[in-house]
Amino acid sequence: MSWFVRGKSGRRATLIGLLAVVAVMLTLVSYSVTLYRLFCEATGAFGTTQRVAANASAATGRRLTVLFDTSVAPNLPWRFVPMQRKIELRAGRSALVFFEAENLSDAEIVGHATFNVTPEKAGVFFKKIECFCFTEERLAAHAKVQMPVEFFVDPAIGRDPNTADIDQITLSYTFFRSARPDGAADLARFANAPPDAAAGEQLFAEQCAGCHALDTARIGPPLGHLIGRRAGSVPGYPYSPALVQSGIVWSEATLTSWLAGPQAMVPGALMPMAVPEVAARRDIVAYLEKVAAQASAGQAPAAPARPPG
Ligand code: HEC
């Protein structure tokens, strides 16, 4: 303990040194959440998922089930739920899923979502292209939004002996009240008007009817009884093998991602167009859902809506 016997100036130098160490530690602590997140994102440790700009991988035959799970921190008065409990997809294929958030309070609040996947070792292969979890997010009082997440599972998951046995992945999100609300993005960007089936009917006439009718095959298959039907299943229509083998069942979610990019969803599919605008997709899907509901209620698609009651 030589510093006890050193002179006054030696003790001061030691004291300054110790204070510097404390300052460095405090700095590290205050940045550690960021450092931790950067570390996790770079390594995929603890089931952290990876962020990428685009999906450059080809779909493989490997099928996976992805389940969705949400929770909200106790001090955040939001409702936050997945809009689909699970989806099936092939490794390498992009999927678009939605989560709904609603601010139940009378005040605007900024939230931040954390996420992880289980099993944790699947984290490095789980790649997100679009996610509300990338930024702090502001939600106005009593506002409700449907937030998209676009992701794919890297086909390398099937080649790594450590993960070759995984066929089910759970993606979990927790929303917290943000500690750094400044500069938050506004979730109002996802608050489109509710889907409008009448507008969808108009869009269908403009963008789809050149190739599709509701009850007969044209260049494309008939779309009248679409919801709940397996993709590529209308007898006699010459589908691409890719669509027939896709295993897709048409629902709001699958139809939305098909319209966002048929070849991205099913490489080898033959539909040569997409609907890039989110609102237009929702309206067209709402129209096809309405047509299918009327068809299964035994009404002709053109019949007027049933009177209430
Ligand atoms: C230029 C022609 C063309 C246009 C325009 C077009 N489609 Fe298609 N669509 C096709 C073809 C061809 C297929 C068959 C794809 C295959 O077999 O891979 C198809 C398949 C589909 C399927 C799969 C049906 C099934 O039975 O599995 C859906 C759903 C669909 N189209 C919806 C739409 C919607 C909605 C629009 C308008 C936004 C649209 N399509 C516009 C040509 C078109």
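So, buried residues make up 27% of the 309 residues in this chain, where buried means 20 or more other C-beta atoms within 10 Å of a residue's own, exposed means 12 or fewer, partly exposed is in between, and the C-beta atoms are placed from the backbone. Before I go on: this is a predicted model, where local features need pLDDT of at least 70, side-chain atom pairs count only at pLDDT 80 or more, and totals for chains, interfaces and linings use all residues. Residues are numbered from 1 along each chain as its sequence is written.

Okay, the overall picture. The chain has 6 helices and 11 strands. Those are DSSP runs, numbered from the N terminus: helices are H or I with at least four residues, strands are E with at least two. Now contacts, meaning two residues with their backbone-placed C-beta atoms within 7 Å. If you take the contacts between residues at least 6 apart in sequence, 70% of them join residues at least 24 apart.

Let's look at a sheet. In what order do its 6 strands come? It goes β4-β2-β10-β6-β8-β11, an open sheet with mixed pairing. Two strands pair, by the way, if DSSP finds at least two bridges between them. At the edges you find β4 (86–90) and β11 (185–186), and each has a single partner strand, so one side of each is left without a neighbour in the sheet.

Start from the β4 edge. β2 and β4 are antiparallel, with 5 bridges, and leucine 64 sits opposite leucine 89 in β4. On to β10: β2 runs parallel to it, and 8 bridges join the two. One pair to find there is valine 66 with its bridge partner in β10, isoleucine 169. Over at the other edge, β8 (residues 137–139) and β11 also run parallel, joined by 2 bridges. There, arginine 138 has aspartate 186 of β11 as its bridge partner.

Next, the inside. In soluble globular proteins, nonpolar side chains tend to be buried together. A nonpolar core here is a set of buried Ala, Val, Leu, Ile, Met, Phe, Trp, Tyr and Cys residues joined through C-beta atoms within 7 Å. The largest one has 36 residues, and Ala101, Phe126, Met147, Val153 and Ile169 have the most contacts inside it. Which elements give two or more residues to this core? They are β2 (63–72), β5 (95–103), β6 (109–118), β9 (144–153) and β10 (168–177). β9 gives the most, with 6 residues. Pick valine 153 as an example: leaving aside neighbours within four places in sequence, valine 153 touches Leu64, Ala91, Phe125, Phe126 and Ile169. Apart from that core there's another one, of 22 residues, including Leu223, Leu243, Met265 and Val291.

Helices now. α6 covers residues 278–296, and at 1.5 Å a residue its 19 residues should span 27 Å; the end C-alpha atoms are 27 Å apart, which agrees. That expected span is 1.5 Å times one less than the number of residues. The buried residues of α6 include Arg281, Arg282 and Asp283, along with Ile284 and Leu288. Among the things covering them are α2 (197–207) and α4. In α4, the buried ones are Thr254, Leu255, Thr256, Ser257, Trp258 and Leu259, and they pack against β5, α5 (262–265) and α6.

α4 matters for the next topic too, the ligand. Helix α4 (residues 252–260) gives the most to the shell around the ligand, with 3 residues. There are 26 residues around the ligand, and Cys208, Cys211, Gly220, Ser240 and Met271 come nearest; being near means a backbone-placed C-beta atom within 6 Å. What classes make up this shell? There are 20 nonpolar, 6 polar and no charged residues. For those classes, Ala, Val, Leu, Ile, Met, Phe, Trp, Tyr, Cys and Pro count as nonpolar, Asp, Glu, Lys and Arg as charged, and the others, Gly among them, as polar.

Last, some backbone details. Most residues other than glycine have a negative phi, and most peptide bonds are trans. The bond from threonine 118 to proline 119 is cis, though, with omega near -5°, and proline 119 lies in the loop between β6 and β7 (126–130). Histidine 142 has a positive phi, near 60°, and lies in the loop between β8 and β9. Is histidine 142 buried or exposed? Histidine 142 counts as exposed, because there are 12 C-beta neighbours inside 10 Å.
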